[in-house]
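Open the model in your viewer and keep the selection tool ready. Each stop below tells you what to pick and what is there.

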Amino acid sequence: MIFIFFGPPGAGKGTQAAILSKKYNIPHLSTGEILRNNLLGTNAESIKIKKILEKGDLVSDEILNEIIKQKLDSPECINGYILDGYPRTLSQNDWLQNYFNSKNLEITKIFDISLEKNIIVERIKNRAILEKRTDDTEEIIQNRVNKYIKETKPLSKYYLERNPKNYHLINGNQEIEMIQNDILKIVKK
């Protein structure tokens, strides 16, 4: 099983991916979490990533693709995985499609959680307070949302056109349990 979650920051991708991860016993690979864990390191790559994220910028495709490849090639991913926050650009998607082709893999389901911009900002501000995230200031939130709209949103169209039977748009303006129910119904089909 390979699931991909798309959606703006604060849409609940991580929450829903974690639910599926537990239910199907496959790893939840959140690029945000992977990068935050990488920040704990003191090597040159960790320092470089920290400087990029502190500005609210996104890590380059080259760096992120290599980090993702290491994860996907690990033994924990042999039975499948959930990608949350990756791919986020068309070029990352090209890399991922080449990776899938080289391993003879296919995406099981793609979930695109939609959410209005004003709700996105409020959710991230609340999450920043609850999780004590210093990287979620108002300016950085706006920067991340704008980058999502410009760089990641085009992937929705890509998957809708090329993989319509596995692409599912989910209304993110619902309670967590309702979103979960929508996703689980789709997975069971």
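**Stop 1: a charged pair at K103**

Select K103: its relative accessible area is 44%, so K103 is partly exposed (buried means under 20% relative accessible area, exposed over 50%, partly exposed in between, with a 1.4 Å probe and protein chains only). This is a predicted model: local features need pLDDT of at least 70, side-chain atom pairs count only at pLDDT 80 or more, and totals for chains, interfaces and linings use all residues. Residues are numbered from 1 along each chain as its sequence is written, and side-chain values use heavy atoms, with hydrogens and water left out.

Now add D73. Its side chain meets that of K103 in a salt bridge, 3.7 Å from N to O (a side-chain nitrogen of Lys or Arg within 4 Å of a carboxyl oxygen of Asp or Glu). K103 belongs to helix α5 and D73 to the loop between α4 and β3, so the pair ties together parts that are 30 residues apart in sequence. D73 is partly exposed too, at 35% relative accessibility.

**Stop 2: helix α5**

Select residues 90–103, which form helix α5. Helices (H or I, at least four residues) and strands (E, at least two) are DSSP runs, numbered from the N terminus. How far apart are the end C-alpha atoms of α5? They are 20 Å apart, which agrees with the span expected for 14 residues at 1.5 Å a residue (1.5 Å times one less than the number of residues).

Colour Q92, N93, L96, Q97, Y99 and F100: in α5 these are buried. They cover an arc of only 160° around the axis, which puts them on the same side of α5 (the arc is that of the directions from the helix axis to the C-beta atoms).

Which elements do the buried residues of α5 pack against? Show β1 (2–6), α4 (61–72), β3 (81–84) and α7 (138–162); contact means heavy atoms within 4.5 Å. Then turn to the face of α5 directed away from its buried side. There you find the exposed residues N98, N101 and S102. Step past the helix to N104, which follows α5 and has a positive phi, near 60°.

**Stop 3: strand β4**

Select residues 109–114, strand β4. Is β4 mostly covered or mostly open? Mostly covered: five of its six residues are buried.

Add β1. It runs parallel to β4, and four bridges join the two (strands pair if DSSP finds at least two bridges between them). Pick F6: its bridge partner in β4 is D112. Next add β5, residues 167–171, which pairs with β4 in the parallel sense over five bridges. In β5, L169 stands opposite D112.

**Stop 4: more salt bridges**

How many salt bridges does a search of the whole structure find? Six.

Select E151 and R88. They form one, with the closest N and O atoms 3.9 Å apart. The pair links distant parts of the chain: E151 is in helix α7, R88 in the loop between β3 and α5, 63 residues apart. R88 counts as buried at 10% relative accessibility, while E151 is partly exposed at 26%. Add D61: D61, R88 and E151 are linked in a network of salt bridges.

Finish with E122 and K125. Their side chains meet in a salt bridge of 3.5 Å, N to O. Both lie in helix α6 (residues 117–131), three residues apart, about one turn of the helix. E122 is partly exposed at 41% relative accessible area, and K125 is partly exposed at 30%.
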